[in-house]
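Colleague: I would like to go through this model by question and answer. Short replies, please.

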Amino acid sequence: MKKIPKLIANTAEQLFYQKGFANVGVDEIRDQSGCSKTTLYKHFGNKDNLIFEVLKIRNLRFQQDLSAAIKDLDQNDAIIQIFKWHLTWFKQDNFNGCLFIRANEELHHDQAIKQLAIEHKEFIRQLISQQLPQTPQHITLTNQLMVILEGLLNISVVYKDDKTLYDAMINDNFALITNLLYN
């Protein structure tokens with residue numbers, strides 16, 4: 001991506017992540033990026049196209065980073081690393097939940113956004129699935145691990161300020177994950 005569109009997309013991503021999609025206007029993106037509205041519209045056409053491009057960029061970066069985090073790990077270690085990678089993200093100061101879930105909620109009328117959110121979540125589910133041995137419980141275990149991961153994502157938003165309860169839920173779920181993988 002060229003320098004100016006990348007600057008606009010990065011600025012928009014940060015603002016959308018902090019404030020949501022409806023709460024960020026083109027004027028704020030223009031002001032924060034230092035680019036004109038004309039430049040923004042020239043590269044993205046409209047706010048909806050910008051949102052879609054931001055999500056595509058974020059999804060690609062997410063897939064690359066998570067795939068790199070589990071490269072060369074064996075099955076169970078890879079699954080544990082998928083969870084640890086997410087927990088590291090959840091503990092970041094600027095953590096504000098999943099942008100794909102938020103996009104799907106705020107822009108539920110947009111089928112392209114909905115499809116991209118599904119593709120994003122399916123990438124994670126398939127990554128988990130690929131690490132599991134092909135047993136009769138394979139799909140069930142994949143889905144259970146995905147639900148645990150998504151649950152951890154949500155409690156990381158809701159219980160962000162209650163460290164004691166948050167840590168207990170994380171530890172309990174890691175015990176459950178270990179039990180599911182090794183028993």
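Colleague: Is Phe16 buried or exposed, and what of Phe21?
Modeller: Buried means under 20% relative accessible area, exposed over 50%, and partly exposed in between, with a 1.4 Å probe and protein chains only. By that rule Phe16 and Phe21 get one verdict: buried.
This is a predicted model, where local features need pLDDT of at least 70 and side-chain atom pairs count only at pLDDT 80 or more, while totals for chains, interfaces and linings use all residues. Residues are numbered from 1 along each chain as its sequence is written, and side-chain values use heavy atoms, leaving out hydrogens and water.

Colleague: How many aromatic pairs does the count come to?
Modeller: Rings of Phe, Tyr and Trp (its six-membered ring) pair if their centres lie within 6.5 Å; planes under 30 degrees apart count as stacked, over 60 as edge-to-face and the rest as tilted. One pair is Phe16 with Phe21, tilted, at 5.0 Å centre to centre and 35° between the planes. The number of aromatic pairs is six.

Colleague: What is the geometry of the pair of Trp89 and Phe90?
Modeller: Trp89 and Phe90 are both buried. Their ring centres lie 5.5 Å apart. Their planes meet at 45°, so the pair is tilted.

Colleague: Which residues form one aromatic cluster?
Modeller: A pair of aromatic rings is described by the distance of the centres and the angle of the planes. Here a cluster takes in three residues by name: Trp89, Phe90 and Phe95.

Colleague: How many helices and strands are in the protein chain?
Modeller: Helices (H or I, at least four residues) and strands (E, at least two) are DSSP runs, numbered from the N terminus. The pattern along the sequence is α-α-α-α-α-α-α-α-α. That gives nine helices and zero strands.

Colleague: What is the angle between H7 and H8?
Modeller: Axes are lines fitted to C-alpha atoms, for helices over the stretch in contact, and angles run from 0 to 180 degrees between N-to-C directions. Angles under 35 degrees count as roughly parallel, over 145 as roughly antiparallel, 65 to 115 as roughly perpendicular and the rest as oblique. H7 (residues 111-131) and H8 (residues 138-158) are therefore oblique. Their axes are 9 Å apart, and the angle is about 130°.

Colleague: How do the residues of the contact of H7 with H8 divide?
Modeller: Contact means heavy atoms within 4.5 Å. H7 brings Lys121, Ile124, Arg125, Ile128 and Ser129, and H8 brings residues including Thr142, Met146 and Leu153. Ala, Val, Leu, Ile, Met, Phe, Trp, Tyr, Cys and Pro count as nonpolar, Asp, Glu, Lys and Arg as charged, and the others, Gly among them, as polar. The split is six nonpolar, four polar and three charged.

Colleague: Which residues is Thr142 in contact with, leaving aside its neighbours within four places in sequence?
Modeller: Thr142 sits in helix H8. Its relative accessible area is 1%, so Thr142 is buried. Its partners are Arg125, Ile128, Ser129 and Leu132.

Colleague: How far apart in space are Ser33 and Ala12?
Modeller: Ser33 belongs to helix H2 (residues 26-33). Its relative accessible area is 9%, so Ser33 is buried. In sequence Ser33 and Ala12 are 21 residues apart; C-alpha to C-alpha, the value is 8.2 Å.

Colleague: What is phi of Asp72?
Modeller: Asp72 lies in the loop between helix H4 (47-70) and helix H5 (75-90). With a relative accessible area of 73%, Asp72 is exposed. Phi is positive in this residue other than glycine, near 70°.
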